[in-house]
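Take a look at the structure below. Keep it open while you read this short report.

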Amino acid sequence: MCACPSSAVHGAPYALPDKRQVAASFSRAAASYDAVAELQRSVGTQLLARVPAELPVQRWLDLGCGTGHFTRVLAGRYAQGEGLALDIAEGMLRHARPQGGAAHFIAGDAEALPLQGASIDLLFSSLALQWCGDFPRVLSEAQRVLRPGGVLAFSSLCVGTLQELRDSWQAVDGLVHVNRFRHFEDYQQLCAASGLQVLTLQREAEVLHFPDLRSLTTSLKELGAHNLNPGRPGGLTGPSRIRALIEAYEGFRQPHGLPATYQVVYGVLHKPSSLY
């Protein structure tokens with residue numbers, strides 16, 4: 001999980017949260033994360049299904065490993081390979097390390113991987129790279145550490161994520177209450193310019209449903225993914241604004257509950273042998 005201030009490729013500049021705040025937030029959420037990680041499990045499973053089955057993997061990296069769920073899944077799938085797990089949140093690493101799955105658990109940043117060049121066959125990263133402000137740097141680092149023929153498989157989030165919550169807050173006060181994400185077109189442009197071969201790059205909507213607004217906001221907090229944006233309102237939100245927010249969000253209610261839409265980006269990029 002990484003983040004730093006950046007400008008968007010598409011449209012007006014925006015700033016992502018400071019990576020130290022992101023690391024601290026996810027560290028605090030380590031104990032509660034797995035209980036509310038329904039979306040994260042689903043997305044990671046779908047991402048793993050996109051990894052080419054014929055890819056020979058001697059060494060793999062789970063980048064943004066969190067609590068280590070997919071570290072252990074990868075260890076089962078590539079039992080003959082050596083696994084590395086990396087995260088910027090020390091609290092997540094403390095939670096993941098005792099459960100095993102990787103030979104090494106490493107504190108590090110996707111924008112400056114503490115790994116040798118051409119040392120990884122599979123770089124797997126699920127729902128972590130949306131926190132990275134310098135995505136071209138992430139792609140450059142992936143290209144550097146991948147062996148010829150290696151694969152970067154990532155999932156991330158783009159504009160349209162939590163749009164219901166964003167629109168509801170817009171109706172209340174117009175301030176920044178929801179984390180910002182890149183446009184899908186930014187991912188297309190940056191991946192195409194990365195020097196890696198794009199095998200697949202898709203956007204798919206995932207919708208979760210909650211019985212009420214408190215359930216949604218509690219879930220975001222327990223994931224460590226609540227509002228960390230620069231310019232977010234300080235202090236507590238008053239009762240009148242909360243009532244107005246609830247009223248606005250109720251306008252989105254569906255038979256299964258209040259929807260929370262996530263626009264998920266799935267990317268699989270290949271490092272051609274000719275680049276090395």
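The report covers a strand, a helix, the nonpolar cores and the cysteines.

## A predicted model

The structure shown is a predicted model. Keep that in mind throughout.

## Strand 7: covered on both faces

Start with strand 7, which runs over residues 258–270. Is this strand mostly covered or mostly exposed? It is mostly covered: 13 of its 13 residues are buried. Both faces are covered. One side carries Leu258, Ala260, Tyr262, Val264, Tyr266, Val268 and His270. The other side carries Pro259, Thr261, Gln263, Val265, Gly267 and Leu269.

## The partners of strand 7

Which strands pair with strand 7? One is strand 5, residues 146–157. Strand 5 and strand 7 pair in the antiparallel sense over seven bridges. Here Leu152 stands opposite Leu269 of strand 7.

Another partner is strand 6, residues 197–210. Strand 6 also pairs with strand 7 in the antiparallel sense, over 13 bridges. Find Gln197, and you will see His270 of strand 7 opposite.

## The nonpolar cores

Now turn to the largest nonpolar core, which has 35 residues. Leu122, Leu165 and Tyr262 touch the most other members. Strand 7 gives the most to this core: six residues. Another core lies apart from it. That core has 29 residues, including Leu61, Leu152, Phe184 and Leu196.

Tyr262 deserves a second look. Which residues does Tyr262 contact, leaving aside its neighbours within four places in sequence? They are Leu39, Leu157, Thr161, Leu162, Glu204, Ala205, Glu206, Leu208 and Leu220.

## Helix 4: one buried side

Helix 4 spans residues 69–77. Phe70, Thr71 and Leu74 are buried in this helix. Why do these residues lie on the same side of helix 4? They do so because they cover an arc of only 110° around the axis.

What do the buried residues of helix 4 pack against? They pack against helix 3 (38–50) and four strands: strand 1 (59–63), strand 2 (82–87), strand 3 (104–107) and strand 4 (120–126).

## Cysteines

How many disulfides does a search of the whole structure find? The search finds zero.

Are Cys65 and Cys158 buried or exposed? Buried means under 20% relative accessible area. Cys65 has 7% relative accessibility, so Cys65 counts as buried. Cys158 has 0%, so Cys158 counts as buried too.

Technical notes: Residues numbered from 1 in each chain as written. Predicted model: local features only at pLDDT ≥ 70, side-chain atom pairs only at ≥ 80, totals over all residues. Heavy atoms only, no water. Buried < 20%, exposed > 50% of the residue type's maximum accessible area, 1.4 Å probe, protein only. Helix = DSSP H or I, 4+ residues; strand = E, 2+ residues; numbered from the N terminus. Pairing = 2+ DSSP bridges. Arc of directions from axis to C-beta. Contact = heavy atoms within 4.5 Å. Disulfide = S-S within 2.5 Å. Core = buried A, V, L, I, M, F, W, Y, C linked by side-chain atoms within 4.5 Å.
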